[in-house]
Amino acid sequence: MPHQILRQVLRAPVYDVAIQTPFERASLISKKANNDVWLKREDLQPVFSFKLRGAYNRMVQLSDAEKAKGVVAASAGNHAQGVALSASKMGIKALIVMPRTTPMIKVNAVRNLGGEVVLHGDAFDQAAEHARFLCERDGYAFIPPYDDEAVIAGQGTIALEILRQHKPLDVMFVCVGGGGLIAGVSAVMKQVSPETRIVGVEPEDAASMTAALKAGKRVKLDTVGIFADGVAVAQVGEAPFRIARQCIDEMITVTTDEICAAVKDIFEDTRAVSEPAGALGLAGMKKYIARTGVSGQSMGVIVSGANINFDSLRYISERTEIGERREGIFAVVIDERPGSFKRFCELLGAKRAITEFNYRYADDRKAVVFVGVRTEAGVAEKDQLIAQLKAEDYTVHDMSDNEMAKLHLRHMVGGHAKGVTNECLYRFQFPERPGALLQFLSQMSEDWNISLFHYRNHGAAYGRVLVGIQVPPDQQSEFEEYLNCLHYPFESEQNNIGYELFLKPV
């Protein structure tokens, strides 16, 4: 099958709408990584994403009858814009079904490109189902985002460009969502430059290709993280998976913090702001180098897109330092007596930057502070600081990898509540649409009381909410049934050390 893709790549007329993007050496990243790093700038396409290539290559193969009726696609962003621009170029109608949670910047972008937008459902799967319904009802041709050979071949033109722009690479890092991009790139690379190692990169909470290759078959993830929404796919496509089994050398998964750090790296080298999915390849490259210790190699990274919602930049900025391991956040128990704060700060050192310091009086014996400290030397400096504080008899809890602490606790004020009984603490993902909170509340029994609530908009399709609910012990089974019927992703934080130290009722 890879040889079939290569033949289609050679014939793909993508440059009717797409451009040949630069393959630029990233001098700052190369210096830090001790390798020769090159960025394929697909964020510079007319729709700020590589998706234009595959969409157009699929659409030019439509029959005259199909073109006359028009096309439909389901997408929350990049594929939608690729289809809309391609349809405009070809003079045909394009109907794009997008989830109601899609940020308006992406909805407006599709409309500005000539696409007609239909908002349906809260998630991609619901939008895709409605798109299929419209195809059956009205006779539109469906343009798939990744599971199609013509789409894969369109994305594979990226690999041909790289091979023309640079000598054979040692390693190529490619982000993976549904698998269309890495299938096209790897199918070409493995036939023209077989010595190039192909590494796919996924978020830890959306690693559908990693799971599929491990299982030897496609699997569907129960839940999918939505931070890198461009690759938030529960199951990879059939065609991409068949190619991946033959052409991908390995998969790497990265955290949200590591993705945010990679966004910053790209900005510092190019002054361009990548979307989270667009920075996946670089995040994976950094992890690959840290694991293998390789140096002096030539490495290619596809910066796949820059369709980022401006409001999400503050969230990325917050997480970047932790992703680079240049900030540690801690919960530290200190004595509640005059001079204790000063002594604690003296131990941190005058040359260390304090990024935040949160405290609220609880009792006259012990105080618990939430503190952020800049650690320029990374993990080693953070571990050294923890050891230093423990040597002085401080109780220290490292919160740097505590998701509840990073999403909620560091932004909250207050302290331990008094007189609150039977409190259950959960983290939820709410769709960012009107009525989501009301739906949550309307299904809740009047016997249960909300005792804690923290929500903060991050400019994404889903909001993150921390909720404390008082539930009598004899109603626990009813409460669990309520949680499962909500169909909102949730996670219990009852045993989180941050809850114990800062929020749990006394």
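Two strands count as paired if DSSP finds at least two bridges between them. Keep that in mind for the first exercise, and remember throughout that this is a predicted model.

**Exercise 1. The sheet around strand 13**

Task: work out the order of strands in the open sheet that holds strands 11 to 14, and say which strands stand at its edges.

Solution:
- Start with strand 13 (residues 366-374) and strand 12, which are joined by four bridges and run antiparallel. With a threshold of at least two bridges, that is a pair.
- Pick out some partners. Glu356 has Gly372 in strand 13 as its bridge partner, and Asn358 stands opposite Phe370 in strand 13.
- Now look at strand 11 (residues 327-335), which pairs with strand 13 in the antiparallel sense over nine bridges. Here Ile329 has Gly372 as its bridge partner.
- So Gly372 of strand 13 turns up as bridge partner for both Glu356 and Ile329.
- Put the whole thing together: four strands, order 12-13-11-14, antiparallel pairing, an open sheet.
- The edges are strand 12 (354-358) and strand 14 (395-398); each has a single partner strand, so one side of each has no neighbour in the sheet.
- As for the twist, it averages 20 degrees from one strand to the next.

Follow-up task: is strand 13 largely enclosed or not, and why?

Solution: count the buried residues. Seven of its nine residues are buried, so strand 13 is largely enclosed by the rest of the structure.

**Exercise 2. Rings around Phe490**

Task: classify the aromatic pairs that Phe490 makes with Tyr426 and with Phe428.

Solution:
- For the whole model, the count of aromatic pairs comes to 13.
- Take Tyr426 and Phe490: their ring centres are 5.8 Å apart and the planes are at 70 degrees. Planes over 60 degrees apart count as edge-to-face, and that is the class of this pair.
- Check where the two rings come from. Tyr426 is in strand 15 (residues 423-431) and Phe490 in strand 18 (residues 490-492), so the pair links parts of the chain 64 residues apart.
- Then compare burial. Tyr426 is buried at 11% relative accessible area, while Phe490 is partly exposed at 34%.
- Move on to Phe428 and Phe490: 6.0 Å centre to centre, with 40 degrees between the planes, which makes the pair tilted.
- Phe428 also sits in strand 15, so its pair with Phe490 in strand 18 ties together parts that are 62 residues apart in sequence.
- Phe428 is buried, with a relative accessibility of 2%.
- Zoom out at the end: Tyr426, Phe428 and Phe490 belong to one aromatic cluster together with Trp448, Phe479 and Tyr482.

**Exercise 3. Arginines over rings**

Task: find which ring face Arg132 lies over, and do likewise for Arg271.

Solution:
- Arg132 lies over the face of Phe142, 3.8 Å from the ring centre.
- Arg271 lies over the face of Phe267, at 5.7 Å from the ring centre.

**Exercise 4. Cysteines**

Task: how many disulfides does a search of the whole structure find, and why is Cys247 not in a bond?

Solution:
- The search comes up with zero disulfides.
- The cut-off to apply is 2.5 Å between cysteine sulfur atoms.
- For Cys247, the closest cysteine sulfur is in Cys175, 17 Å away, and that is too far for a bond.
- Cys424 is in no disulfide either; its nearest cysteine sulfur, that of Cys485, is 17 Å away.
- Both sites can be checked for burial: Cys247 is buried at 4% relative accessible area, and Cys424 is buried at 10%.

**Exercise 5. Gln81 and its contacts**

Task: place Gln81 in its helix and list what it touches.

Solution:
- Gln81 is in helix 5 (residues 78-90).
- Gln81 is buried, at 3% relative accessible area.
- Leaving out residues up to four places away in sequence, Gln81 touches Val47, Ala109, Val110, Leu113 and Asn307.
- For one of these, Ala109, the C-alpha atom is 6.9 Å from that of Gln81, with their positions 28 residues apart along the chain.

**Exercise 6. Positive phi**

Task: where do Asn34 and Phe48 lie, and what is the sign of phi in Asn34 and in Phe48?

Solution:
- Start from the background: most residues other than glycine have a negative phi.
- Asn34 has a positive phi, near 60 degrees, and lies in the loop between helix 2 (27-33) and strand 2 (36-41).
- Phe48 also has a positive phi near 60 degrees, in the loop between strand 2 and helix 3 (51-59).
- Phe48 is partly exposed, with a relative accessible area of 42%.

Note on methods: Residues numbered from 1 in each chain as written. Predicted model: local features only at pLDDT ≥ 70, side-chain atom pairs only at ≥ 80, totals over all residues. Heavy atoms only, no water. Phe/Tyr/Trp six-rings, centres within 6.5 Å; stacked < 30°, edge-to-face > 60°. Helix = DSSP H or I, 4+ residues; strand = E, 2+ residues; numbered from the N terminus. Buried < 20%, exposed > 50% of the residue type's maximum accessible area, 1.4 Å probe, protein only. Lys NZ or Arg CZ within 6 Å of the ring centre and 35° of its normal. Axes fitted to C-alpha atoms, helices over the stretch in contact; angles between N-to-C directions. Contact = heavy atoms within 4.5 Å.
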